[in-house]
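Take a look at the chain below. The question to keep in mind is how its parts meet.

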Amino acid sequence: MTEVFTKPFIRQEPIPESAIAAAVEVLRSGALHRYGAQPSQVAALEIEFAAQTGAAHALAVASGGYAMGCALRALGVGPGDPVLTNGWTLAPVPGAIAAVGARPVLVEVGRDLCIDLDDLEAKAPQANVLMLSHMRGHIADMRRLMAICDAHDIAVIEDCAHTMGADWDGHPSGRWGAIGCYSCQTYKHVNSGEGGLIVTDDADLAAKMILLSGSYMLYARNGTAPSEEVFARHKGTMPNVSGRMDELRAAILRPQLADLPAQVARWNERYRALETGFRNLPGLHVIDRPASEGYVGSSIQLLADDPEKIPGFIAGCAARGVDWKWFGHATAQGFTSSHHHWAYVEAQSLPQTDAVLARLLDMRVPLTFDLADCAVIARIVAEEAAESLR
Ligand SMILES: *Cc1c(COP(=O)(O)O)cnc(C)c1O
């Protein structure tokens, strides 16, 4: 009998009861605007997230994409300015760069799925800002990356949509560059539907981003606000580009952030079960994770030897309930796209990235799967690989 997997790959865990209770309390108060509520859930979230990441300042905003746009604006990036970024990432990243009228300069990615540091070094003279996407949770050698960027006076913004809770050499993702940006959207590591968080140690950048996000003259109510003296330098010069977080979402997020380390452990158990099952299959390769990388296994990727055989393999798995995304499609599908689909970005030649994407398979690892589910998935993938990739 052919085994079939029946659980959906997109089902979330319920919001924790403590978060539901906090949300109900906010709703009863009627005070949903962060600058109206006192005490404020958003300000408390900022204090807690800054402490959790070891940052001097945190700002809660409307989305991860908003966080990245806000970071670019605070760094003074404007129309026509070049911004280095990964040649493989998701659409909100080039979108945030396009939103400020800037020009993405795409950097190759390697078979480790990280930004290619040799290509970064070669392109470094072209820009003053790197929007670094830790795409699907793969973290580049951050010591070498920062050395390259420091040598070229490049400010680094980290897109940590897939690395909230991850680290490199024990130092949190989002804390290597000038600014770290996180998403709290349903498919990331904490879930408030939509939402974003920003961290920085730089008081001037923090003040600018707080003002940009729409604080009016209530900026001192940010949970980690810099001093009045710092705001005095930027008041009136920063446009109000409203993108605040509301009290309801902050109330939902605070208990989830407290739970994050436990959730990371649960993700990694599932990731390792799948990784073990996917190792040594014909025509497929797991991505080796460097010892310095403290990852969060909320998704898993494989590289196939023969791109021609991928559609048949994906169809065979799909018929048995196992969902793969493929980055080699000719057109954008679901959440998945490649740089060829971003018509608003100047076309760029990335032969190495294209060769990787043509072979790249991607699977979500939802926490609604248990270890027995992972074993079923691993068996099905092994059988389908034997069938269509040998
Ligand atoms: C989801 C995502 C973002 C942006 O997050 P939103 O909150 O959806 O705006 C940024 N980068 C990557 C790689 C993402 O997957």
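What follows goes from the domains to the interface between them.

This is a predicted model. The domain assignment splits the protein chain in two: domain 1 covers 17-255, and domain 2 covers 261-388. Their centres, taken over C-alpha atoms, lie 27 Å apart.

Now turn to the place where the domains touch. Domain 1 brings 35 residues into contact, and domain 2 brings 33. The size of an interface is often given as the accessible area lost when the parts come together. Here domain 1 and domain 2 bury about 2900 Å² between them. Carbon and sulfur atoms account for 58% of that area.

Next, the polar side of the interface. Between domain 1 and domain 2 there are 14 residue pairs in polar contact, counting residues at pLDDT 80 or more. The salt bridge count between the two domains is one. R136 and D362 form a salt bridge through their side chains, with 2.8 Å from N to O. R136 falls within the bounds of domain 1, and D362 within those of domain 2.

Which elements supply at least two residues each to the side of domain 1 that touches domain 2? They are helix 4 (92-99), strand 3 (103-107) and strand 6 (167-168). Strand 3 gives the largest share, with five residues. By class, this side of domain 1 holds 17 nonpolar residues, eight polar ones and ten charged ones.

To trace the interface in the model, begin at strand 3, the element with the largest share of this side of domain 1. Then find the salt bridge between R136 and D362.

Definitions and conventions. Residues numbered from 1 in each chain as written. Predicted model: local features only at pLDDT ≥ 70, side-chain atom pairs only at ≥ 80, totals over all residues. Heavy atoms only, no water. Domains from an automatic or database assignment. Contact = heavy atoms within 4.5 Å. Buried area = accessible area lost by both parts, 1.4 Å probe. Salt bridge = Lys/Arg side-chain N within 4 Å of Asp/Glu carboxyl O. Polar contact = N/O pair within 3.5 Å; in protein donor to acceptor, adjacent residues only side chain to side chain. Helix = DSSP H or I, 4+ residues; strand = E, 2+ residues; numbered from the N terminus. Nonpolar A, V, L, I, M, F, W, Y, C, P; charged D, E, K, R; others polar.
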